[in-house]
Each structure stands twice: as structure tokens, then as C-alpha cells.
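Reader: Hey, got a minute to walk me through this model? I'd like to know what I'm looking at before I set anything up.
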Amino acid sequence: MFLVESSIGSPTHSKQNKETVGSQFRNSLNALMTTLNDTTPHYIRCVKPNDSKLPFVFDIQRAVDQLRACCVLETIRISAAGFPSRWTYVDFFLRYRILLKSKKINRNDPKLTCQQIVEEHIGTKDNYKFSNTKIFFRASQVAYLERKRADIRKDCSILIQKTWLNTYAKKTYLQIQTSVLIIQQCGKAYLARRSADKQNNAICNYFSSSGSNY
């Protein structure tokens, strides 16, 4: 019993249980990397609108100087000179498959469908590059695809409107035609009954007058 107590309270055992600064830093770094891998971080660069800290006052030249000092403008220029727009095949397929005819869409192979869309609508091969997982576009190419997508959606909307208005007009016309036919039938029946009544009255008056003469 004495030996057990002495081993528990020994300095060697306390040193083994004590966490060092290096282990604390390693654990903190591992926790930070786990958090970063589980989230999608976004970096925001703040720009001072003016040096006087006044509300609703924006100094354009001061903002441009800050962007130039932080190399933001140079980064934008370099990015525009290369391939600034990058799309995964799945995201590109879900958004721009409308640019391809339905019979050409291969839902089992989005990569092949994306390549067909790009090759059909962007003629210059230097404006795009294919990789294993993404498509790279030069500047203004995605904007061009967006305009074509908007035009196709507009044409589809107009076609839907035309079809619906045509169906509604036909239905309304048939209802009006049916109503007119019913009114005509009722009118003709009324006129026929009125004419028959007049003839019956005339015949009755004739026979009654003839009987009185005899």
C-alpha cells in the first residue's frame, strides 16, 4: 500500500500527466485545422471610405490608393489576364445545360456535356481550358454564356406565355361559340313556337268565323 501511494505522488507521474507548451500548441493547431476543414472561410478586406470617419462620405481616390497599396488592383489585372473564372463540371452542368439541346444532354456524363456546351458556344479554344475536375475561362466568357442563357430563358418564357394564351383563347372561343349556339337554338325554338301559336290562332279564328256564318 505504501508503494502504491508513493508511486502515485511521485514527480515522475506528475510530469507525465502535465501538458507541455508544445503539446498545447499542437492540439490548438489541430483543432483550428479541423474547424477550417469543416467550414468555408471568407476573407474580407476592409477599405476606409474617408480619413475623417464621417458617415456617408466616400473618397474615391483614397479608396483606390488603398486598393493599389494592398495590390488588389494588380491581383485583379493578373487574374483577368489568366483564367479568373473556374467552374466544377457539376455546377456548370446544372446551370448551363439549358444552352444545349435536350437530345445532346448526357446526364450520366456531365463532363462530356459541359465540353459540348463550351465547344459549341465558345469558338476560340484559347478562351477556355479543361482539367480533370474544373473548367477554366478567360475574362468575359462566363458573362457571354450568362447572356445566352438569359436569352434562351426569355424565349422559353415567351413560348410558355404564347402557348398558355393560345389555350386560354381557344377555350374562351369554344365557350362563347357554345353559348351562341344555345342562344340561337333557344331563339329559333321561341320563334317557331310563336309562329305555330299564330297559325293555330288564325286557324281557330277562321273556323270560328266560318261556323258562325253557317
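Author: Sure, let's go through the fold, one helix and a surface patch.

Author: One thing up front: this is a predicted model.

Reader: Noted. How many helices and strands does the chain have?

Author: There are 8 helices and 3 strands. Starting at the N terminus, the order is α-α-α-α-α-β-α-α-β-β-α.

Reader: And what share of the residues is buried?

Author: 13% of the 214 residues in the chain. The chain exposes about 17,700 Å², with carbon and sulfur atoms supplying 59% of that.

Reader: What about contacts, how many join residues at least 24 apart?

Author: 47%, counting contacts between residues at least 6 apart in sequence.

Reader: Switching to α7. Which of its residues are buried?

Author: T113, C114, I117, V118 and H121. Looking down the axis of α7, those buried residues fall within an arc of 130°, so they line one face of the helix.

Reader: What span should α7 have, and how far apart are its ends?

Author: Helix α7 covers residues 110-121, and at 1.5 Å a residue its 12 residues should span 16 Å. The end C-alpha atoms are 17 Å apart, which agrees.

Reader: Okay, surface now. Which residues form the nonpolar patch?

Author: F25, L29, L32, M33 and L36, which together have about 470 Å² of accessible area.

Reader: Where does L32 sit, and what's its relative accessible area?

Author: L32 is in helix α3, residues 21-38. Its relative accessible area is 46%, and since partly exposed means between 20% and 50%, L32 counts as partly exposed.

Methods
Residues are numbered from 1 along each chain as its sequence is written. This is a predicted model: local features need pLDDT of at least 70, side-chain atom pairs count only at pLDDT 80 or more; totals for chains, interfaces and linings use all residues. Side-chain values use heavy atoms; hydrogens and water are left out. Helices (H or I, at least four residues) and strands (E, at least two) are DSSP runs, numbered from the N terminus. The expected span of a helix is 1.5 Å times one less than its number of residues. Buried means under 20% relative accessible area, exposed over 50%, partly exposed in between (1.4 Å probe, protein chains only). The arc is that of the directions from the helix axis to the C-beta atoms. Patches are made of residues with over 30% relative accessible area and no salt bridge: like charges are joined within 9 Å, nonpolar side chains (Val, Leu, Ile, Met, Phe, Trp, Tyr) within 5 Å. Accessible areas come from the Shrake-Rupley method with a 1.4 Å probe; for residues, only the protein chains shown count as cover. A salt bridge is a side-chain nitrogen of Lys or Arg within 4 Å of a carboxyl oxygen of Asp or Glu. Contact means heavy atoms within 4.5 Å.
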